[in-house]
Amino acid sequence: KGEVGQTKIFQAELGSWQEGEFLSLKTAFRGVEIIKPSFYIFQQINQNPQYVANVGDLLNYEIFFKNVGQEVAENLFLIVSLEGEAFDLESVRVESGRFDKEAKKVFWDYARVSQLKKLLPMEEGKVKFWIKLKDELSPETRDPIIKNMISLDGLIETFETKINSKLELSQKGYFQDEV
């Protein structure tokens with residue numbers, strides 16, 4: 001992390017472990033300049049950027065991406081990684097993309113989405129997918145949150161969505177008399 005234009009130094013060390021001790025074979029240092037991101041990414045769930053979900057909801061994700069750089073962006077891939085126990089992975093529907101259930105990832109590429117083929121400066125694109133939340137959460141779930149991480153050309157944005165918990169009220173009454 002740092003300011004645009006700032007240089008950060010990275011160190012890499014190559015070696016092996018022998019008898020519990022690390023033997024260094026080569027060490028390298030490289031400088032990397034922090035640049036202004038070329039893309040802006042945001043999302044809406046059910047047409048709301050601050051959506052709070054309920055168990056059993058069908059979530060309509062709309063992922064918006066904009067080329068805020070100076071160059072034309074071409075042949076892009078957009079990947080959404082899903083995190084959370086509340087997702088019903090059997091219910092995923094994707095518009096112009098594909099879903100890998102094992103990896104919990106939704107993929108779009110430039111062959112299926114024209115805005116990913118060529119995105120001019122200040123031009124915006126959008127992709128969509130739908131997923132249902134499970135009808136019930138595990139009783140051990142203390143902080144019901146789902147996350148999705150969006151990756152586009154090296155830029156990664158993480159979004160969290162809270163899930164309302166069900167409230168159950170229970171009442172008991174007792175009566176005592178002489179008997």
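Begin by selecting S81, which has its place in strand β7 of this predicted model. Is S81 buried or exposed? Its relative accessible area is 11%, and because buried means under 20%, S81 counts as buried. With S81 still selected, display its surroundings: leaving aside residues up to four places away in sequence, S81 touches K104, K105, K147, N148 and M149.

From S81, follow the chain to G84, which lies in the loop between β7 (77-83) and β8. G84 is partly exposed, with a relative accessibility of 28%. Add K104, one of the residues that S81 touches, and draw the distance between the C-alpha atoms of G84 and K104: these two residues are 20 apart along the chain, and the separation is 9.9 Å.

Now return to β7 and select F77 together with Y110, one of the six aromatic pairs that the structure holds. Their ring centres are 5.6 Å apart and their planes stand at 75 degrees, so this pair is edge-to-face. Since F77 belongs to strand β7 and Y110 to the loop between β10 and α1 (114-117), the pair ties together parts that are 33 residues apart in sequence. Both rings can be checked for exposure: F77 is partly exposed at a relative accessible area of 45%, and Y110 is also partly exposed, at 30%.

The next selection is W108 with F129, an aromatic pair that is tilted, with 6.1 Å from centre to centre and 50 degrees between the planes. This pair, too, links distant parts of the chain, since W108 sits in strand β10 and F129 in strand β12, 21 residues apart. How accessible is W108? W108 is buried, with a relative accessible area of 1%, and F129 is likewise buried, at 0%.

Keep W108 in view and widen the selection to the largest nonpolar core, which has 34 residues and in which L59, L78, V80, W108 and I131 have the most contacts. Two or more residues of this core come from each of β3, β5, β7, β8, β10 (105-109), β12 (124-133), β13 (145-152) and β14 (155-164). In soluble globular proteins, nonpolar side chains tend to be buried together. For a closer look, centre on L59: not counting residues up to four places away in sequence, L59 touches I45, N46, Y51, A53, F129, W130, I131, L133 and I146.

Colour the strands next. Which strands make up the open sheet, and in what order? Four strands form it, in the order β3-β5-β12-β8, and their pairing is antiparallel. The edge strands, each of which pairs on one side only, are β3 (39-45) and β8 (87-95), and from one strand to the next the twist averages 20 degrees.

Select β3 and its neighbour β5 (residues 58-67), which run antiparallel and are joined by seven bridges. Within this pairing, Q43 has I63 in β5 as its bridge partner, while the bridge partner of Q44 in β5 is E62. Although β3 is an edge strand, β3 is mostly covered, with five of its seven residues buried. Add Y40, F42 and F64 to see three rings that form one aromatic cluster.

Two charged side chains that lie over rings make the next stop. Select R93 and W130: the charged end of R93 sits over the ring of W130, 4.9 Å from its centre; W130 is also among the residues that L59 touches. Then select R98 and F107, where R98 lies over the face of F107 at 4.7 Å from the ring centre.

Finish at the hairpin of β1 and β2. Strand β1 (residues 7-18) and strand β2 (residues 21-33) run antiparallel and are joined by twelve bridges, and T7 has E33 in β2 as its bridge partner. Move from that bridge to the turn, where two residues stand between the strands, and select E19, which takes a positive phi near 50 degrees.

Terms used. Residues numbered from 1 in each chain as written. Predicted model: local features only at pLDDT ≥ 70, side-chain atom pairs only at ≥ 80, totals over all residues. Heavy atoms only, no water. Pairing = 2+ DSSP bridges. Axes fitted to C-alpha atoms, helices over the stretch in contact; angles between N-to-C directions. Buried < 20%, exposed > 50% of the residue type's maximum accessible area, 1.4 Å probe, protein only. Core = buried A, V, L, I, M, F, W, Y, C linked by side-chain atoms within 4.5 Å. Contact = heavy atoms within 4.5 Å. Phe/Tyr/Trp six-rings, centres within 6.5 Å; stacked < 30°, edge-to-face > 60°. Lys NZ or Arg CZ within 6 Å of the ring centre and 35° of its normal.
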